[in-house]
Amino acid sequence: MYYIKRPISILGALLGLILLSPIFIGTIILLFFVNKNGWKGVFFTQDRPGKNEKIFKALKFKTMTDEKDANGNLLPDADRLTPVGKFVRSTSIDELPQLINILKGDMTFIGPRPLLVQYLPLYSEEQHHRHDVTPGMSGWAQVNGRNNISWTKKFELDVYYVRHIGFWMDMRVFFTTIRKVLMRADINTTTGQAATMDYFNGHN
């Protein structure tokens, strides 16, 4: 599967960067000014575990500012999420820089989403299997609820994908992802006081 999937991923990422370059460039310009931090306000990088839990730098567009309170602490996510950032996130434009991660081989188009490194010691033995394959920009969990399902269900779906990986599974995820992005479905930009899904604590 890898020897077929990797060339397709490279070709798809190159084509995507070319076709989506107007959106890519426009987003860079908007975030440069809206996030009020120059180039530091455009891109966001974070360590994420990839295949076999090898750590890599995941790249995204930055959807929140770095605004802090009087004590120097970052404001809550919801207060730092600008209207532009909310739109970029709800349309999944924030994920476009990960096409570069695909070219580098850190990611692929379809696979379990790469999550935070600090979650690694919290996984059960079963949940660790989500790292048996290369992580993706979209996965089985994303097209079956994304941020609107529990962590437990998300990991069940990720492991299900790993155990049923194949061409037709990837095609199903790919076309469902396109439909959901166009419909802007299952995207939770404000959950309570946070603008992102709650952190995984090993239980929920």
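These are numbered notes on a few local features of the structure, which is a predicted model.

1. Helix H2 spans residues 21-34, which makes 14 residues. From its first C-alpha to its last H2 reaches 20 Å, close to the 20 Å expected at 1.5 Å a residue.

2. Which residues of H2 are buried? They are Phe24, Thr27, Ile28 and Leu31. These residues sit on the same side of H2, because they cover an arc of only 105° around the axis. An α-helix has 3.6 residues a turn, so residues three or four places apart point the same way.

3. The opposite face of H2, turned away from the buried side, carries Pro22, Ile25 and Phe33, which are exposed. Just after H2 comes Lys36, with a positive phi of about 55°.

4. Helix H4 covers residues 83-90, and its buried residues are Gly85, Val88, Arg89 and Ser90. What do the buried residues of H4 pack against? Their partners are H2 and strand S2, the latter formed by residues 55-61. H2 thus appears again here, as one of the elements that the buried residues of H4 pack against.

5. Ser92 follows just after H4 and lies in the loop between H4 and helix H5 (98-104). Its phi is near 65°, a positive value in a residue other than glycine. Is Ser92 buried or exposed? Ser92 counts as buried because its relative accessible area is 12%, where the cut-off is under 20%.

6. Asn52 is another residue other than glycine with a positive phi, in this case near 60°. Asn52 belongs to the loop between strand S1 (43-49) and S2. At 59% relative accessibility Asn52 is exposed, the cut-off being over 50%. Of these two loop residues, then, Ser92 is buried, whereas Asn52 is exposed.

7. Which residues make the nonpolar surface patch of about 410 Å²? The patch is formed by Phe174, Phe175, Ile178 and Leu182. One of them, Ile178, lies in helix H7, which runs over residues 167-183. Ile178 has a relative accessible area of 36% and is therefore partly exposed. That value suits a place in the patch, because patches are made of residues with over 30% relative accessible area and no salt bridge.

Key:
Residues numbered from 1 in each chain as written. Predicted model: local features only at pLDDT ≥ 70, side-chain atom pairs only at ≥ 80, totals over all residues. Heavy atoms only, no water. Patch = residues over 30% accessible without salt bridge, like charges linked within 9 Å, V, L, I, M, F, W, Y side chains within 5 Å. Areas by Shrake-Rupley, 256 points an atom, 1.4 Å probe, with all protein chains shown as cover. Salt bridge = Lys/Arg side-chain N within 4 Å of Asp/Glu carboxyl O. Helix = DSSP H or I, 4+ residues; strand = E, 2+ residues; numbered from the N terminus. Buried < 20%, exposed > 50% of the residue type's maximum accessible area, 1.4 Å probe, protein only. Expected span 1.5 Å × (residues − 1). Arc of directions from axis to C-beta. Contact = heavy atoms within 4.5 Å.
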